[in-house]
Amino acid sequence: MPAPALADTINSSLSAEVRQPLTVIKNSDLIFGNFVAGAANSDFRIDAVTGIMTQLNGDAVVIGGTTSRASFTATGTPFAQANIRRSQNSINIVRVGGTETMRVNDFWLGNRAGLRDQILDASGQATYFVGGRLRIGANQAPGNYRGSFDVTIEYF
Amino acid sequence: MIKKIIINAADKTYRSKVTLFMACAACSLPFSPAIAAPASGETRTTINQSVVVTKNADLFFGDFVPGGSNSVFRLNPRNGNLNQRSGDAIAIGGTPTAASFTASGTPLLRVRISSGQNRIFIVRDGGTERMRVNRFRFDGRRNRSLNAAGEVTYRVGGQLRVGPNQMPGTYRGTFAVNIDYF
């Protein structure tokens, strides 16, 4: 005679995913190039998707030099989603050796398709671009202007 | 009998918790901070001084006695020499001089000179008679680099046509050059 069932068993599944640390390297800085200031405020924007700079207003003149969007490559777990976010909306860049400033804002994030949120590829990498908007003041003091901005790339 | 079964179940549960805890302890140190990675970029740009152009000297062709036909003279911007190309007018001296301009701006940047016109007519003081000046030429390359002091000098020559029996007098005119960064 079989013994009565005094105990029952139920299975529950448990899963955990351990991801590789995300590492980020900077490939290039955000460089607006060389200008001659005008008599009015002048705005220039670098497109994160195309890297092309356009003049939005004002009478400052672009006279060449290197222009580039910033670029970062994140490395982590293949096929994981990793999103880039900016840490600030506006910064002031400062003349080297002086105190004069110019505003850089509207940091524009994306990849070649304009996406901030990306799936890391099979090798665990994705590249993100950063554009932005520079305002050159009327009769802006000549010189080299520098500043820094922060972004964060994190798993979703 | 029933009591024994209950004790066994409790033992299994306890072991399971210990195992799970150990696994987490083993993996947590290297991997737990790895959910976000901050990065910093630099942004930079350069504002340059506007190009300022100063005239050092005007373009002088000198003094002539007209002939019976059109006569053409060229002033060489490299050496300031006046050369007769055609005609029978005679150059009798004066001070033939190439025009000279100095551009000032941000050191080592590239600038380009361009002529504001292809030809002009210079007009006799107190009259309406004219002579043509054309072929404005520079003493070398149009595109140059400003030196360490932020300066570069261009000299400009040209070609004058003295008409047959050109009315005597002093003839004047103006021409423009543009010097810009490029």
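Colleague: What is the area buried between chain B and chain A?
Modeller: In this predicted model, 24 residues of chain B are in contact with 43 residues of chain A. Carbon and sulfur atoms give 58% of the area buried between the two chains. That buried area is about 2,800 Å².

Colleague: Which three residues of chain B supply more of the area that chain B buries against chain A than any other three?
Modeller: Together these three account for 26% of the area that chain B buries against chain A. One of them also forms a salt bridge with A:D29. The three are B:T43, B:R44 and B:I47.

Colleague: How many salt bridges are there between chain B and chain A?
Modeller: A search of the whole structure gives 14 salt bridges over all chains. One between the two chains joins B:R44 and A:D29, with the closest N and O atoms 3.2 Å apart. The count between chain B and chain A is two.

Colleague: Is A:D29 buried or exposed?
Modeller: A:D29 also meets A:K26 in a salt bridge, at 2.8 Å from N to O. A:K26 has a relative accessible area of 40%, so A:K26 is partly exposed. For A:D29 the relative accessibility is 12%, and buried means under 20%. A:D29 therefore counts as buried.

Colleague: Which residues are linked with A:D29 in a network of salt bridges?
Modeller: B:R44 pairs with A:D29, and B:E42 forms a salt bridge with B:R44, the closest N and O atoms being 2.9 Å apart. Both of these chain B residues are partly exposed, B:E42 at 22% and B:R44 at 25%. The residues linked with A:D29 in the network are A:K26, A:R146, B:E42 and B:R44.

Colleague: How many residues apart in sequence are the parts that A:R85 and A:D117 tie together?
Modeller: The side chains of A:R85 and A:D117 meet in a salt bridge, 2.9 Å from N to O. A:R85 lies in strand β7 (residues 81-86) of chain A, and A:D117 in strand β10 (residues 117-119) of chain A. A:R85 is partly exposed at 27% relative accessibility, and A:D117 is partly exposed at 34%. The pair ties together parts that are 32 residues apart.

Colleague: How many strands are there in chain A?
Modeller: Chain A has zero helices. From the N terminus on, its elements run β-β-β-β-β-β-β-β-β-β-β-β. The number of strands is twelve.

Colleague: Of the contacts in chain A with a separation of 6 or more, what percentage do residues 24 or more positions apart account for?
Modeller: One pair of residues distant in sequence is A:A37 and A:N139, 102 residues apart along the chain, with C-alpha atoms separated by 5.4 Å. These two residues are also in contact. For chain A, residues 24 or more positions apart account for 74%.

Colleague: Which residues of chain B is A:A37 in contact with?
Modeller: A:A37 is found in the loop between β2 (30-36) and β3 (42-46) of chain A. At 17% relative accessibility, A:A37 counts as buried. Within chain A its contacts include A:A60 and A:I136. In chain B the contacts of A:A37 are B:I47, B:N48 and B:S50.

Colleague: How many residues has the largest nonpolar core?
Modeller: In soluble globular proteins, nonpolar side chains tend to be buried together. Those with the most contacts inside this core are A:F72, A:V130, A:I136, A:F149 and A:I153. Among the residues that A:F149 touches are A:L30, A:F107 and B:A39. Apart from this core lies another of 31 residues, among them B:F64 and B:L160, while the largest has 36 residues.

Colleague: Which residues make the nonpolar surface patch of about 270 Å²?
Modeller: One member is found in strand β3 (residues 64-65) of chain B. That residue, B:V65, counts as partly exposed at 40% relative accessibility. The patch is made by B:V65, B:I90 and B:I92.

Definitions and conventions
Residues are numbered from 1 along each chain as its sequence is written. Chains are lettered from A and ligands numbered from 1 in the order in which they are written. This is a predicted model: local features need pLDDT of at least 70, side-chain atom pairs count only at pLDDT 80 or more; totals for chains, interfaces and linings use all residues. Side-chain values use heavy atoms; hydrogens and water are left out. Helices (H or I, at least four residues) and strands (E, at least two) are DSSP runs, numbered from the N terminus. Contact means heavy atoms within 4.5 Å. Patches are made of residues with over 30% relative accessible area and no salt bridge: like charges are joined within 9 Å, nonpolar side chains (Val, Leu, Ile, Met, Phe, Trp, Tyr) within 5 Å. Accessible areas come from the Shrake-Rupley method with a 1.4 Å probe; for residues, only the protein chains shown count as cover. A salt bridge is a side-chain nitrogen of Lys or Arg within 4 Å of a carboxyl oxygen of Asp or Glu. Buried means under 20% relative accessible area, exposed over 50%, partly exposed in between (1.4 Å probe, protein chains only). A nonpolar core is a set of buried Ala, Val, Leu, Ile, Met, Phe, Trp, Tyr and Cys residues joined through side-chain atoms within 4.5 Å. Buried area is the accessible area (1.4 Å probe) that two parts lose on being put together, summed over both. Lists of a residue's contacts leave out its neighbours within four places in sequence.
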